[in-house]
Structures are given as structure tokens and as C-alpha cells.
Amino acid sequence: MSRTFYDEMYDASGECRPHYREFARWLADTPQELLAQRRREADLLFHRAGITFTLYGDEQGTERLIPFDTIPRAIPMSEWRTVEKGCIQRVKALNMFLADLYHNQRIIKAGIVPAEQVLANEGYQIAMQGLDLHRDIYAHIAGVDLVRDGDGTYYVLEDNLRTPSGVSYMLEDRKMMMRLFPELFAAQRVAPIDHYPNLLLDTLKSSSPLDNPSVVVLTPGRFNSAYFEHAFLAREMGVELVEGADLFVRDDRVFMRTTAGPQPVDVIYRRLDDAFLDPLAFNPESMLGVPGLLAAYRSGNLVLANAIGTGVADDKSIYPYVGDMIRFYLDEEPILKNVPTWQCRKPEELSHVLANLPELVVKETQGSGGYGMLVGPAASAKEIETFRERLKARPEAYIAQPTLCLSTCPTFVEKGIAPRHIDLRPFVLSGRETRLVPGGLTRVALREGSLVVNSSQGGGTKDTWIVED
């Protein structure tokens, strides 16, 4: 992997890349004060609309506005087509892996994925073994996190198959840019994304064998970090937003309590983790789920999107095998590469990691949100030694990767415009067909030199433009 940074807007000689030229001309011609005014207006509008996330354990208050940067991340359509094909290929293989894992386990018998890696994994759910799902789809909604290396090559950083979030920010960022800067969209052809809620609803309905199934969005409630998104998607799809207490199970069927009496529910787009779905089957202390939900699910009277047990396929310890899954199930070479990864459970790879901690990024296999990780080049000697002891104590709980040279994109900062590191999360929908809208959520690390783009770690977002060539 290259050790230099790829700038999304400018090439190595400082020339503006073709798909950014219209924007660069507009930026040069627009007064700085007008740009600052529009940025302040964006913050105000986001706040009024309640476009926030919850930061747990934050003494300054739980509700936070996600910083929005008004310089878009642009990708030419020709490049996007490769990304799109790669994401579709990857999610198809992951769904095939899950169907295989919970049935014949051919990939384990072939010796490609070790049995202990999956059957002893926290994300593996024995309750799913032998259960047939409509169309054999487990991850109806997937988020594929991509980064671009110094030579411009896209790499998959991780897969999100449980309850991937962020699509509401993708949609709201676009609405904001079109409201504040309509002239930009008149000057060039930017692929639309506003049809995502319709595609999502169609995906959810096609996940059921019924002709016109009843769909709801199940949320843990307003104190959840992504509650804004849950409410947003339910509203945009025109379906009910429910909490566990709004649902009940009778004769292995799920019903919703309404003022007109019980109404049957056929598809639940669930935004809470497996452990909290059903206190009779999983965590008995859960107040968020629905007693008897698993029995209804196993009876074939309900579709859950995503399915129970998808977490085993997006665990960071399974990530190194995704390329092999693509070859095994699809008989194709991966279009998008994985980041080189060392599995610390393997003694020889652990030795390499321990010897090179200052140069590596080490992650918990079950970690998320930028927590529980060590960024070697940015860590102090004390932090590295503390992490070294953690690795020695529980090597199976960690993987390591080279410190990535995430691409940069010009970003508004306090002192003007400066490059900041970014990633991209396209959202892949799997139903009658596998598809995605042209774009995704671009996250930006706003702190200078930071490689951590997560909103919980101070990251912001950008609108993602797929520009017609």
C-alpha cells in the first residue's frame, strides 16, 4: 500500500481533477463571507430539524450536531461504477456465506474459514441454524466502509451488516447542499439519491413472500444514538415507527397496538441489536424487545431486516476471509480489495504486531465507533505499552492493520480551507435485486492529522457527489 495521501480534488501536480473543475471555478468566484454565512445557515437548519446524534457519557449533554462540511466529496461516474460493482459483489458473497453458515457450512468443510472462528463467535446465533429465509437474504441493508489509498485504490475497511447507520445524514446533506447552493447542481450533472427511501421500502417489502406486507421500523427509543435516523426513515417510507412496547406476539404472529385495535406486522426493519430483540430468547433483562418475537420469526410469520445472527459476518476477525468467500461462492476475483490484516489469534502474526505496534492500527474484533483501538503513530509510548499488555492477555480479541493513508478532501476549517482525511460508506440494499443509490455517506476527520472519522470521535460529514463524466 502507498504511503502518500491521495487528494480527491487535486492531482500530484496541483491541477484540479476534471470532475471538480466546475466546483473549483464556483468556489473561486464566490465571496468568502457568503460561504461563511451559508455554513452558519446550514448549522442552524440542521439544529432546527433535529439532525443530531447522541454521544453517550458526554458531560456537555447527549444531543450533538454532526458537523457538516459544505465542500462536497466528488467521484466521477466511471469510477463509481467500479465501486458499485465491488460493493454488490461483496454483499452478495456475505449473504451467501450467512446462508451457508446457518445451513450446510460448506465453506467450513472446505477448510476456508476455521470452524472456531464462526461457531464460537459472539455474533453467531444458534437459533438461526437451519432456518430458511425468503430469497436466502440475511443482510437486507449493508454499509460497506471504503477508504482510498495513496495511489487512488479503493480498499474495504469493514462491512456493516447488523444495523448500519448514517444513511439519513447522506440524504440530509444532499438536501442541504441543494437548498444552499442550487447553482452548483445547475452547472453539472450530479446523480440523484433522493429515491433511497423508496428503494428501501421496496427492499423491505420484497423480503417477504406476501404481496403487500405490513412494514414497521423498530427503534430502541428516543435515547438511542441514531433515533433521529429511525424516525427519519419511518417518515420518509410512510411506515410506523414503533418501540418494543407497541408490539406483541399472539399465536406466533406479531401485532402492533393501535387505536383501531391490533394490526398484523409482517416485516420489521429493526434498529436494535440481537441481544435485545426478545427477552424470552436472548437477554432476559431487555425492556426494548418483544417477548415471543423469535418464535414468530422461526415460524415464518415475520421477516426481520436485518436477520438475527448477521453480526458473525461483519466481525473484524471474519473480515480477512471475505475475499475467499467471493472466490468460493461466486467464483470471481474480488473487485474491491481488503486492507492487509494480521489476526492476533495466530501466534506468528501476533509476534509481528507486537514488534511493530508504533506503526500499526490495532482494533477490537467486536469494536465499533472508533472505540477500543490503537492508532500506533498517534499514540504515546505509555498507550502503546498498555495496549501491548491487552494484546498479550487476549490476542484473539484483536486484529491489526497498517496505518492507512486515507485520502484527503479540501474542508472548511477555522483558518480557511485545508485537506482532511475522509472515508465513504455506500449503502447496499438486497431484495429482488442488489442495488445502491449513487453515493453514500462521506465522513471526514476534522482534527488535523486525525484518521478517525467517526462522529463519536469528532468527525463530520460531507455530501457525496457522483458526477457524470
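Here are a few questions and answers about this predicted model. Residues are numbered from 1 along each chain as its sequence is written. Local features need pLDDT of at least 70, side-chain atom pairs count only at pLDDT 80 or more, totals for chains, interfaces and linings use all residues, and side-chain values use heavy atoms, with hydrogens and water left out.

Reader: Which residues of helix 13 are buried, and why do they line one face?

Author: Helices here are DSSP runs of H or I, at least four residues, and strands are runs of E, at least two, numbered from the N terminus. Buried means under 20% relative accessible area and exposed over 50%, with partly exposed in between (1.4 Å probe, protein chains only). On the other side of the helix, Glu348 and Ala355 are exposed. Seen down the axis, the buried ones fall within an arc of 135 degrees (directions from the axis to the C-beta atoms), so they line one face: they're Glu349, Leu350, Val353 and Leu354.

Reader: Which side chain of opposite charge is nearest to Arg17, and how far away is it?

Author: Arg17 sits in the segment before helix 1 (21–29). Lys and Arg count as positive and Asp and Glu as negative, while His and the chain ends aren't counted. A salt bridge needs a side-chain nitrogen of Lys or Arg within 4 Å of a carboxyl oxygen of Asp or Glu. Arg17 is buried yet has none, and the nearest opposite charge is Asp11, at 5.5 Å.

Reader: In strand 12, what is the bridge partner of Ile268?

Author: Strands pair if DSSP finds at least two bridges between them. Strand 11 and strand 12 (residues 303–305) pair in the parallel sense over three bridges. In strand 12, Ile268 is partnered by Leu304.
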